[in-house]
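Here are my notes for you, written as numbered points. Keep the picture open while you read and look up each residue as we get there.

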Amino acid sequence: MASDDDIIITGEAVIRPGDLHEDFIRSSGPGGQNVNKVATAVQLRFDAANASGLSQRVRERAIKLAGQRANKDGVIVIEAGRFRTQEQNRADARARLTALIAKAAEPPPPPRKKTKPSKGAVERRLKSKAGRSTVKKLRGRVDND
């Protein structure tokens, strides 16, 4: 079922070409006349909410990790305009999307194991608290008897 154009990240995360849409726009920043004439920047749109190659867990995590790059419809928009050619910017945008999906596909960390302080640690803490209390009680006015 996987085609040659699919970007396979893990078993539960595959980017299919049909889920990607590219628009070429004029890039900002320095570049002389080239920047004003040629649309070299890429706006890569990935419909994560409806992507068939993502599991539900990866889909939700990818949208969350995308932050402001994801709109309310679950479409992740990545703009790449670092390079002077469309091909380089296209590859950069795809690499950034792949990295985002790979991070979303990582397994969740193991749950934290709860630990208790040792008896000695508890005793030392209580002893130091009592010592501080004594020091603070001794502060204050001195009675002239």
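**Notes on the fold**

1. Let's start with one residue: setting aside neighbours within four places in sequence, aspartate 92 is in contact with Ala80, Arg82 and Phe83. Contact here means heavy atoms within 4.5 Å. Aspartate 92 sits in helix 3, and with a relative accessible area of 9% it is buried. Buried means under 20% relative accessible area, exposed over 50%, and partly exposed in between, using a 1.4 Å probe and protein chains only.

2. A word on what you're looking at. This is a predicted model, where local features need pLDDT of at least 70 and side-chain atom pairs count only at pLDDT 80 or more, while totals for chains, interfaces and linings use all residues. Residues are numbered from 1 along each chain as its sequence is written, and side-chain values use heavy atoms, with hydrogens and water left out.

3. Now the sheet. Strands 3, 4 and 5 form an open sheet in the order 3-4-5, with antiparallel pairing. Strand 3 (20–25) and strand 5 (75–80) are at the edges with a single partner strand each, so one side of each has no neighbour in the sheet. On average, neighbouring strands are turned by 20° against each other, direction ignored. Helices (H or I, at least four residues) and strands (E, at least two) are DSSP runs numbered from the N terminus, and two strands pair if DSSP finds at least two bridges between them.

4. How many bridges join strand 4 to strand 5? Six, with strand 4 covering residues 41–47. Along this pairing, phenylalanine 46 stands opposite isoleucine 76, and valine 42 faces alanine 80. Strand 3 and strand 4 also pair over six bridges, and there isoleucine 25 stands opposite alanine 41. Five of the seven residues of strand 4 are buried.

5. Next, helix 3 (residues 86–105). This helix packs on the sheet, touching strand 3, strand 4 and strand 5, and its direction makes about 35° with that of strand 4. Such angles run from 0 to 180 degrees between N-to-C directions, with axes fitted to C-alpha atoms, for helices over the stretch in contact. The buried residues of helix 3 include Asn89, Leu97 and Ile101. Among the elements that its buried residues pack against are strand 1 (7–10), strand 2 (13–15) and helix 2 (56–66).

6. Which residues have the most contacts inside the largest nonpolar core? They are Phe46, Leu54, Val58, Ile76, Leu97 and Ile101, in a core of 22 residues. Strand 2, strand 4, helix 2, strand 5 and helix 3 each give two or more residues to this core, and helix 3 gives the most, with six. A nonpolar core is a set of buried Ala, Val, Leu, Ile, Met, Phe, Trp, Tyr and Cys residues joined through side-chain atoms within 4.5 Å. Leucine 54 touches Phe46 and Ile101, among others, not counting residues up to four places away in sequence.

7. Last stop: glutamate 79, found in strand 5. Is glutamate 79 buried, partly exposed or exposed? Its relative accessible area is 45%, so it is partly exposed. The side chain of glutamate 79 makes a polar contact with the side chain of glutamine 43 at 2.9 Å. A polar contact is a pair of N or O atoms within 3.5 Å; within protein, one must be able to donate a hydrogen and the other to accept it, and residues adjacent in sequence count only if both atoms are side-chain atoms.
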